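Open the model in your viewer and keep the sequence panel beside it. The stops below run from the whole chain down to single residues.

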Amino acid sequence: MSFDTDVLISGAGAAGLTLAIDLARRGVSFRLIEQSAQPFGGSRGKGIQPRTMEIFEDLGFVDRVAAAGGPYPPLCQYRPDGTHQMSLLTEADVSPSPAEPYAAPLMLPQFATEAVMRERLAELGHYPCFGTRLVGFEQDGDGEGDGEDEGEGEGEGGGAGRGEGVTARVEREGGASVIRARFLVGTDGGRSFVRHALAIDFPGETLGVRAIVADVRLEGLDRVAWHRFQLVSPRTQVMICPLAGTDLFQVQAPVALDGEIDLSPAGLTALIGERTGRGDIIVRSVSWSSVYTMNARLADRYRVGRVFIAGDAAHVHPPTGGQGLNTSVQDAYNLGWKLAAVLAGAPEALLDSYEAERRPIASDMLRLSTRLLGEAKQGTMRRDREARQIDLGYRGSSLSVPGSVGGTVLAGDRAPDAPCRGQAGQRTRLFMLFQGPHWTLLGYEARDRPPAIAGVRIVTVGAGHELVDDGGHIAEAYGIEAGQWVLVRPDGYIAGILSSDGLEPQLSRYLAHTMPFRPAERLEKS
């Protein structure tokens, strides 16, 4: 049967947009649909962590995001006696380093982040289809699992190579249609239709906290701090944060577990007055608001046959720590290059590594955000290095070459950045060399350069080589010895640290499982 597209993406939030941008730059055909008639308009995921900033650099829009947002303000905590205390959310000594160019999180409301992402996608010639709802799908061939409107269907089956494609039924104003795709990815949020349709279990717990979040225009507070009022107990606190890049404030507050909440300007003004003891803070307008119950849940599976879930469809969590949008972006970033490789001819077993790598990350993220919620209930707000996601990696992955050990990094670790100089005299960085859809093979003071391999950028470092490590930053960040090679995946993680002895056979064996051609044949032809 013919296909209308290679990948159908259901859900045009941060995860869906990341996947779309990555596929677009790789030349993979896709359709991005979103059931809402217009883009999401709230600030919900307002923190962009340093690791996500690195991803946005690779995808080509980090400076645009930085220009639209700003740093987190200090926290101003008001005491019952009328005094207040100023503090920082992160450690005072957080600053960029040669290996970690983005040190602190950036604040940017989610609606603004997604607007930048849509602009980047448009530059690549693609647009989300709003007002288009996925109402059912079936996998054909050997793939099992059907999806219907009620969320019923077979949830078993899947695995590499199962099924030839997915037939999806969508509805929009003007009627229904059918889309044939090789793969379907559900990035459709915590109430995911795709997850329900596949009958994937979503175990976890309700955390006993109900809260409001609202984007408002108000008067009576300055914009130099994140204001936190906790005059009686954490249950009656209210936090009011100026949203960088806008004239809005985000209001957050726990509320009763049941009952109606007045989210009008008058209602929010009254709530703020009750919890602050002040009558001068006046909400003038509300641009977006939500009441939600906090949960921590993780999908049992991320894949059934040729259908995947990513982002909030796979994990939901409390908002503490600014983890959700970032984890969702990184899900899609992990999946994108693997889908592209398989569509180009790489073994479908490569797709099994998506769940194997990303589900443990989400499990740890849920524990972190739940712990931070517990601390917030006790009046503590802090964001340590773990929240910045720089140290996340895949050391135990099947894609990490066993025994790959450098002096500083291991296979599965994030590949550090490092400033250096090109032999022609211009300053550059490793991240600039990694940027793009390719793999990178970095040789340190290597004697022999291997033959060219399609899809792999080979770069050598040292005297007489194309890169000069005149600041010693590459040597410090990687700790590798002369003659060693670092193979960096398309998503910026170290696949392996290889020796010059037997380099070509090692590369051939490894890339045969991850590339859309037989590397051994290419090496021989070279």
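For the charge count used here, Lys and Arg are positive and Asp and Glu negative, while His and the chain ends are left out. Colour the chain that way: the mean positions of the 53 positive and 67 negative charges are 2 Å apart. Keep in mind throughout that this is a predicted model.

**The whole chain**

Show the cartoon first. The secondary structure amounts to 12 helices and 27 strands. The radius of gyration is 24 Å, close to the 24 Å given by the globule rule for 526 residues, so the protein is as compact as a globular protein of that length. Turn the C-alpha trace onto its principal axes, and the spans are about 75 × 55 × 35 Å.

Switch on the surface next. About 21,100 Å² is exposed, and carbon and sulfur atoms supply 49% of that area. Of the 526 residues, 55% are buried. If you draw contacts between residues at least 6 apart in sequence, 71% of them join residues at least 24 apart.

**The annotated domain**

Select residues 4–144 and 164–367. UniProt, in an unreviewed entry, places the feature "domain: FAD-binding" on these two segments. Keep only 164–367 selected: this stretch is 26% helix and 37% strand, and its end C-alpha atoms lie 37 Å apart.

**Helix H2**

Select residues 50–59. How many residues of helix H2 are buried? The count is 10 of 10, and the helix is mostly covered. Charged side chains are on the buried list too: it includes Arg51, Glu54, Glu57 and Asp58, along with Pro50, Thr52, Met53, Ile55, Phe56 and Leu59. Step just past the end of H2 to Gly60, where phi is positive, at about 100°.

**Pro128**

Move to the loop between helix H4 (110–123) and strand E8 (129–130), and select Pro128. Is Pro128 buried or exposed? Its relative accessibility is 15%, and the cut-off for buried is under 20%, so Pro128 counts as buried.

Now add Ala12 to the selection. Pro128 and Ala12 are 116 residues apart along the chain, yet their C-alpha atoms are separated by 6.5 Å. Ala12 is also one of the contacts of Pro128 once neighbours within four places in sequence are set aside; the others are Leu17, Leu32, Arg118 and Leu121.

**The loop between H8 and E21**

Go to the loop that runs from helix H8 (352–377) to strand E21 (419–422), where Gln389 is found. Gln389 is not a glycine, but its phi is positive, at about 70°. With a relative accessible area of 3%, Gln389 is buried.

Stay in this loop and select Asp413, which also lies between H8 and E21. Asp413 is buried as well, at a relative accessible area of 12%. Which residues does Asp413 touch, apart from its neighbours within four places in sequence? Show Arg395, Tyr493 and Ile494, which are in contact with Asp413.

**Glu445**

The last stop is the loop between strand E23 (439–444) and strand E24 (456–461), which holds Glu445. Glu445 has a positive phi of about 50° although it is not a glycine. Compare its cover with that of Gln389: Glu445 is partly exposed, at a relative accessible area of 41%, whereas Gln389 is buried, at 3%.

Notes: Residues are numbered from 1 along each chain as its sequence is written. This is a predicted model: local features need pLDDT of at least 70, side-chain atom pairs count only at pLDDT 80 or more; totals for chains, interfaces and linings use all residues. Side-chain values use heavy atoms; hydrogens and water are left out. Helices (H or I, at least four residues) and strands (E, at least two) are DSSP runs, numbered from the N terminus. The radius of gyration is taken over C-alpha atoms; the globule rule is 2.2 Å times the number of residues to the power 0.38. Buried means under 20% relative accessible area, exposed over 50%, partly exposed in between (1.4 Å probe, protein chains only). Contact means heavy atoms within 4.5 Å. Accessible areas come from the Shrake-Rupley method with a 1.4 Å probe; for residues, only the protein chains shown count as cover. The place of a charge is taken as NZ of Lys, CZ of Arg, CG of Asp or CD of Glu. UniProt positions are given in the numbering used here, feature names are shortened, and annotations may be inferred rather than shown by experiment.
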